[in-house]
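Please open the model in your viewer and keep the selection panel at hand. The tour below moves from one selection to the next and says what is there.

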Amino acid sequence: MTTSPTSLLERIVRFAITHRWLMLLLTLGIGALGVWSFTRLPIDATPDITNVQVQINTPAPGYSALEAEQRVTFPIETALAGLAHLETTRSLSKYGLSQVTAVFEDGTDIYFARQQVGERIQQVRSRLPAGLDPDLGPVATGLGEIFMYSVEAAPDARKPDGTPWSAMDLRTLQDWVVRPQLRTVRGVTDVNTIGGYERQIHITPDPTKLTTYGIALRDVVEAIAKNNENLGAGYIERHGGQYLVRVPGQITDLDALRDIVLDRRDGVPIRIRDVADVGEGQELRTGAATENGREVVLGTTFMLIGENSRAVSQRTAQALAQVQKSLPEGVTAKTVYDRTALVDRTIATVAKNLIEGALLVIVVLFLLLGNVRAALITAAVIPLAMLMTLTGMVRGGVSGNLMSLGALDFGLIVDGAVIIIENCLRRFGEAQQRLGRVLTREERFEVTAQATTEVIRPSLFGVGIITAVYVPIFALSGVEGKMFHPMAITVVLALGSAMALSLTFIPAVVALSLGGRVADHENAILRAARRVYEPVLRTVLRAPVLTVAAAALLVVVTGFAAQRLGTEFIPSLDEGDVLVQPLRTPGTSLTQSLAMQIQLEKRLQQVPEVAGVFSKIGTAEIASDPMPPSIADTYVMLKPREQWPNPRKPKAELVEEIEHAAQELPGSNYELTQPIQMRTNELISGVRADVAIKVYGDDLDTLAAVAGKIEAVTKKIAGAADVKREPITGLPMLTIVPDRAALARFGLNASDVQAVVGTAIGGTVAGQLFEGDRRFDLVVRLPEALRQDAAALGDLPVPMPVHGNADESSRLADWQAGAPAYIPLREVARIEDQIGPNQINRENGKRRVVVTANVRGRDLGGFIADLQQRIDAEVKVPAGYWIGYGGTFEQLQSASQRLSIVVPVTLLVIFGLLFMVFGSARDAFVVFSGVPLALTGGVFALLLRGIPFSISAGVGFIALSGVAVLNGLVMIAFIRKLRDEGDRLEDAIFDGALGRLRPVLMTALVASLGFVPMAFNVGAGAEVQRPLATVVIGGIVSSTLLTLVVLPALYRLVHAVRNRRGTREATAT
Amino acid sequence: MMVRHRFGLAAAVLLTGLAGCQREAPSAAAPAATAEAHGEHEEHEEHEEHEEHGEATRTHIAAAMAQSSGIRTAPAGAGVIHDEHAVQGLLVPIEGRYARVVARFPGPVRAVRAGIGETVKAGQTLAVVESNVSLSEYAVTAPIAGTVLARNVTVGDLASDRPLFEVADLSALWVDVHLFGADAQHIRPGHTVTVARLADGATVTTTLDRVLPGTATASQSTIARATLRNTDGDWRPGAAVRARVSVGESPVELLVPLSAIQPLGGRDVVFVQEGEDYEARPVKLGRRDAQHVEVLDGIEAGDAVVIEQSFLIKADIEKSSVEHDD
């Protein structure tokens, strides 16, 4: 496997040197492309791990969970069946809302998916109850809620009429002034509103007056509808002109509404004003918003999928500043949450790490090479490779974020270039020494070409191997996959770019600029290193068996030590803010929840580190996150660290303090998380537990009973932890059951009762009042005081049908004349307090209740087998019901399965690559032994810093394997070269090891120093990178030491055996 | 031999590393807690689970916190349950104080001395009619003192058996209220009625005189009648009124405000304060009115019962079983 002089690589290198200016120009062009790409790179804090999903939200005002499921969810769900690339559907039905989520296979185009769903919705629309409109959720992901603002009035601000701004006025401003302006901002797909009251015009008839006049609620509704229409009546032609005819009949103000005539009795018109109050009223809202202990209106902008969150939030902020000018005096639209801050902080951390890393690399290069120009050339690879990577990222649709940019180690990237430059310098030095003069241009080119070709193969293979080790990451699927694929793609891109550069740009520039005298003298540092290394190497070579055994022992010890590492998933990105989610008992009213929330906010504001608190309670206008009124999202915005009483207080401690503060308040349980984290978790949903036992069936009580038994069984199984059953009931309901017999007596229909209750409690929309663009619903409803009085409900008058045919009763004509034309509700219906279903969940078209469990201290496979067996034996499932198993364990099993194939294959590929380089399994093996040795350092570094094992750390180990191999490669390749030149084994090893001290030290140092800032940074996002960097640094230190010490010993041991055998064979013949 | 061993080891380390990380991952990430908050959280959950087994019925709220949350208690004690019904009524003139004035002998009306709305005394001349029988004029007088409600006559009319005037004494009126269903059974004369005018809400309290024997067929309602003193003269016959009939005032030994009752675990409970602890006591409830409910069993007189923000205590007790379910 010697390099033939006309190999492809050499031809490329020579071409690059001959056309060096062209190379520079090309590089410059690619750099410019990179700069341009950078401006188009979507930047966010973390990778988007949301799956491809389309939400269909159908607000169904007044519908309870049961009705929403039966009338809305079921038809929609059925209609969705069989869509292309549909993975699963799930749904939830609760008070006033049906939400169906269609999850598509990863990689499905979102617009394709939405179009399909849209078509199906179009078909199903006719089967839904009149007046219900399914809406597709915004085209956004878990990262979509990038910007939130509050619309609030100064305490002393007054409306033009002198009254203070009410929550309803603010809401109206939000709906008709702020929102329309923000919706048009580029990159914003929608603006959601929560809080305040949507302005409605309420017509609240007094039931007594209605019955007195013999007017029913529906008469009021009809009268309004008949008096609130504009009509276009075509046109007429007159004297050659054309006149359009229109008959306006719309109500223009409340007085016109009050004057609508309901009936005429004895020539006297009975108007709405005679039986009802007319005025602004409050909608039956599903959500509220608070800020710092008072009610406000909150707006949230959703970012379109694939947009640049930073740019969009900035544009939104600018637009909001514009909006401010159009708001009345005293009312402000204030930013309360801006993703830009987090992205900026995170990117600043990444940039700081990258820049510091790059500087450290340059310093090391300079120190070890002792040549400024060479160091600068090497360093130039950093920005160039970076720009090329950015271009690739934009093309490949990878966003710039903590994960994708965070794993870049410039040390690793320049490794290839370092090896080449180091060799060039050495050869220049040698040539100059030999000739005793400065080289001519042609000589210089020739030496450059030779020196490059000499090391290009090992260095290319090295980089190739590092790239190869990232391949298993591509085998990760699901959330892990989405999280780490960008990282793998970026690193592979960067390494590939660096590889291309070291093949073309480096030789070209070296040939161009390293003219003149090249001092390749060993500097003090290297001389010192060599002085230490020489005796060590000598000792080791004398006792190779002992050395190798000691190393093997170390690996074994590490294996045991690794068991003691804690584990965690992905270290979560510190978003800088805290999200406190109070969970209150189901059935908590919005008003109660609001009062409790205000208390909570006031308490949290007392925490000195807290800058402000705002909350969303219940469900917003766009029900993308349907929460019941009993749950709130409390955003706790923290002050910048400098303003904390103790700026060094760990975040964890503060989070704990916040939780304690919240716990002081009675009535709520709390979940603490972070805004993006929470939103993402909600969207990818469902079940984030190891094992989910799902019971499917029809009857909710049966489902609950079966789930209860399963819960009990599961709890008894060894290894089960956090066993929980999804609650389905618990929502108090006032059920008004029409009494059929009584209805028959009075000649009433069930719908008569329903209509009365519906209008009285829920209200009926009778039309709209237009004020320019603004339109407000006209709602006929009972006065608030009567609605709230549960006891008065029974007295609600139900109008009786007017009998045309007098029967028995005509005998008592006297009585009938004075007999009322209504009967109280309690005479025809039973009013019952019941506990009803809180929320009905369905999956793939069937009702579903889930029992979840995590598994601790036991292997998952065994647990599942045990669980299935026990449930089969102990839980009797009625006919028509069945049990399914799910949860992350499926994903884990498939991931482990994939990894158990991919990792060995990758190792085999690396081994194959090494074999290609050396043409010897032995040498390949020797180099390969560097991997476990490197891992030891990584494990000890983690132990030393007390960082648990996580996927981040795992990725670090992967990177480490690559670097370790690269180190070994450089050294063994050199030793082999020496042996090929005829050196004895021992001499070759000794000289080779010593001669390669500089490149090995250099590659190791740059690679580890490149990660040093990352390992010790405390800025935003640093916690995700820290484990990775720690592993790599620790591993490289150990790997380098062991490469320098163990590798020669091992090589000697392995080859000594062969040599001896070879000698014996020789004597035998 | 050596080669294989080493290779295997390397693979194993990498494999177990990745696989191990995978397996442990979700349990550490669930339930949406930050890694930092996690340890704390777990401890909390365990605490709750413990509580759940014993069907939590009590909770602790510090006095200051209870104060600022608006929790108020009051000792449970004896009281009166007012069984009230809201009904509608109609004002009608009292039968005995209403008169239709007819001309005794037919004949042309020669003079009319009273107009609508005028107050007349008993015996006061309302009109003069010339009798067709005697051809002499005679006075048609008011049989009772009262207000002229109707005047169906003008000078020159021929008086026949048609009433000329309607006179009613409006100093008192009847309120006829319609009673539905079961109410008709237990409403008795003597029950208190509070009558409110629709127009201005002015109220007058009176008592039921009688419950009429018949029932209206169409509405299956029975009329109960009370007499109302028309002190300000603004109560007009024919006007509809709102009425509250107090069916009974039953003194009970133990009652609590309705705001004290909360459903908990399928039963009605009240929360009794013991120091800074609050305990849920299942109660058996008796009669109730718009504000109070009788407690038959479950608490003792004098127990400090939470009467305001009792929901907060229910929420605090139930919070252990609350989970995020979306």
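**A walk through chain A**

Begin by selecting A:I421 in this predicted model; leaving aside residues up to four places away in sequence, A:I421 touches A:L369, A:A374, A:I377, A:T378, A:I506 and A:V510. Now widen the selection to the nonpolar core around it: A:I421 is, together with A:V361, A:A498 and A:L960, one of the residues with the most contacts inside the largest nonpolar core, which has 169 residues. If you colour this core by secondary structure element, α17(A) contributes the largest share, 20 residues. A second core, separate from that one, has 105 residues, and A:L80, A:F147, A:L638 and A:Y696 are included in it.

Next, stay with α17(A), residues 478-513, and add helix α1, residues 8-18, of chain A; the axes of these two helices come within 8 Å and cross at roughly 45°. With angles under 35 degrees counted as roughly parallel and those from 65 to 115 as roughly perpendicular, α1(A) and α17(A) are therefore oblique to each other. Viewed for handedness, the crossing in which α1(A) passes α17(A) is right-handed. To see where they meet, show the side chains of A:I12, A:V13, A:A16 and A:I17 on the α1(A) side, and those of A:L503, A:T504, A:P507, A:A508 and A:A511 on the α17(A) side. By class, the residues of this contact are eight nonpolar, one polar and no charged.

For another helix pair, select α5, residues 167-183, and α10, residues 309-326, both of chain A, whose axes come within 10 Å and cross at roughly 145°. Here too the crossing is right-handed, with α5(A) passing α10(A). From α5(A), the residues to display are A:V177, A:V178, A:Q181 and A:L182, which meet A:T316, A:A319, A:L320, A:Q322, A:V323 and A:S326 of α10(A). The contact of α5(A) with α10(A) divides into six nonpolar, four polar and no charged residues.

Finally, zoom out to the whole of chain A, where the C-alpha atoms fill a box of roughly 140 × 80 × 60 Å along the principal axes. A cartoon view of chain A contains 36 helices and 30 strands, and if you colour the chain by burial, 52% of its 1069 residues count as buried. Turning to contacts between residues at least 6 apart in the sequence of chain A, 81% of them join residues at least 24 apart.

Note on methods: Residues are numbered from 1 along each chain as its sequence is written. Chains are lettered from A and ligands numbered from 1 in the order in which they are written. This is a predicted model: local features need pLDDT of at least 70, side-chain atom pairs count only at pLDDT 80 or more; totals for chains, interfaces and linings use all residues. Axes are lines fitted to C-alpha atoms, for helices over the stretch in contact, and angles run from 0 to 180 degrees between N-to-C directions. Helices (H or I, at least four residues) and strands (E, at least two) are DSSP runs, numbered from the N terminus. Angles under 35 degrees count as roughly parallel, over 145 as roughly antiparallel, 65 to 115 as roughly perpendicular and the rest as oblique. A crossing is left-handed if the near helix is turned anticlockwise from the far one by less than a right angle, and right-handed if clockwise. Two residues are in contact if their C-beta atoms, placed from the backbone, lie within 7 Å. Ala, Val, Leu, Ile, Met, Phe, Trp, Tyr, Cys and Pro count as nonpolar, Asp, Glu, Lys and Arg as charged, and the others, Gly among them, as polar. A nonpolar core is a set of buried Ala, Val, Leu, Ile, Met, Phe, Trp, Tyr and Cys residues joined through C-beta atoms within 7 Å. A residue is buried if 20 or more other C-beta atoms lie within 10 Å of its own, exposed if 12 or fewer, and partly exposed in between; C-beta atoms are placed from the backbone.
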